[in-house]
Amino acid sequence: MLRPLVRYGHASLQTPAKPVTTFDAELDKLIDDMIDTMYAAPGIGLAAPQVGVPLRVCVIDLSVGKRGGELLTLINPEFVQREGMQLEEEGCLSVPGFNATVARPSRAIVKGLNRLGEPQTVEGTGLLARCFQHEMDHLDGTLFIDRLRGLQKDLIVRKIKKLAKAGKW
Ligand SMILES: [Zn+2]
């Protein structure tokens with residue numbers, strides 16, 4: 001089932017999410033809905049705060065469902081290691097219509113739990129490392145525009161406020 005995506009300005013995007021402690025049918029449903037919503041958008045990653053749920057859950061699939069075995073569900077993820085730096089343009093389903101170049105690690109190792117509550121460690125380079133950082137930032141209430149220099153962020157925020165005023169956000 002698709003869930004509505006919240007946009008910049010919604011409190012859940014600016015609030016640190018809570019760790020998952022219960023692996024039940026409700027969590028399963030949330031994860032299935034997040035996967036459906038990510039594929040429908042379409043997007044390569046989605047964090048629970050983007051559907052208004054304050055839990056440390058994110059889903060990532062660089063193939064957007066086109067290749068099997070690339071779907072990752074990260075629960076209570078933490079960085080074990082981050083190295084290098086890449087500068088690429090990125091966007092966010094919660095800040096539609098805006099892109100900016102953001103500095104991200106070029107390689108990252110993340111540990112956490114899978115959807116069954118089992119420990120997992122995943123490693124990513126390039127786009128996957130960038131995606132880990134972007135989605136895990138959401139779990140801490142941070143958006144990609146928060147990682148831009150002040151002026152760059154102000155410009156985007158001003159444009160969003162204008163859109164909101166016109167009822168287009
Ligand atoms: Zn995002």
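**Exercise 1. The sheet**

In what order do the five strands of the open sheet stand, and is the pairing parallel or antiparallel?

Solution. The model is a predicted one. Step 1: read the order of the strands across the open sheet, which is 1-2-3-6-7. Step 2: check the direction of the neighbours; the pairing is antiparallel. Step 3: look at the two ends of the order. Strand 1 (45-47) and strand 7 (119-125) each have a single partner strand, so each of them has one side without a neighbour in the sheet. Step 4: follow the twist, which averages 35° from one strand to the next.

**Exercise 2. One pair of strands**

Find how many bridges join strand 1 to strand 2, and which residue of strand 2 stands opposite Leu46.

Solution. Step 1: strand 2 covers residues 57-60 and runs antiparallel to strand 1. Step 2: three bridges join these two strands. Step 3: the residue of strand 2 opposite Leu46 is Val59.

**Exercise 3. Helices against the sheet**

State which strands helix 1 touches and which strands helix 2 lies across.

Solution. Step 1: helix 1 (residues 25-40) packs on the sheet and touches strand 1, strand 2 and strand 3 (72-83). Its direction makes about 40° with that of strand 2. Step 2: helix 2 (residues 127-139) lies across strand 1, strand 2, strand 3, strand 6 (107-113) and strand 7. Helix 2 runs at about 115° to strand 3.

**Exercise 4. The faces of helix 3**

Compare the expected span of helix 3 with the distance between its end C-alpha atoms, then sort its residues into buried and exposed.

Solution. Step 1: helix 3 has 16 residues, and at 1.5 Å a residue they should span 22 Å. The end C-alpha atoms are 22 Å apart, which agrees. Step 2: Ile156, Val157 and Ile160 are the buried residues. Step 3: seen down the axis of helix 3, the buried residues fall within an arc of 100°, so they line one face. An α-helix has 3.6 residues a turn, so residues three or four places apart point the same way. Step 4: on the other side of helix 3, the exposed residues are Leu151, Arg158, Lys161, Lys162 and Lys165. Step 5: just after helix 3, Gly167 has a positive phi of about 75°.

**Exercise 5. The nonpolar core**

Which residues have the most contacts inside the largest nonpolar core?

Solution. Step 1: the core has 15 residues, and Tyr8, Val95, Phe144 and Ile145 have the most contacts inside it. Step 2: strand 5 (100-104) and helix 3 (150-165) are the elements giving two or more residues to this core. Helix 3 provides the largest share, three residues. Step 3: take Tyr8. Among the residues that Tyr8 touches are Val95, Ile145, Val157 and Ile160.

Definitions and conventions. Residues are numbered from 1 along each chain as its sequence is written. This is a predicted model: local features need pLDDT of at least 70, side-chain atom pairs count only at pLDDT 80 or more; totals for chains, interfaces and linings use all residues. Side-chain values use heavy atoms; hydrogens and water are left out. A nonpolar core is a set of buried Ala, Val, Leu, Ile, Met, Phe, Trp, Tyr and Cys residues joined through side-chain atoms within 4.5 Å. Buried means under 20% relative accessible area, exposed over 50%, partly exposed in between (1.4 Å probe, protein chains only). Helices (H or I, at least four residues) and strands (E, at least two) are DSSP runs, numbered from the N terminus. Contact means heavy atoms within 4.5 Å. Two strands pair if DSSP finds at least two bridges between them. Axes are lines fitted to C-alpha atoms, for helices over the stretch in contact, and angles run from 0 to 180 degrees between N-to-C directions. The expected span of a helix is 1.5 Å times one less than its number of residues. The arc is that of the directions from the helix axis to the C-beta atoms.
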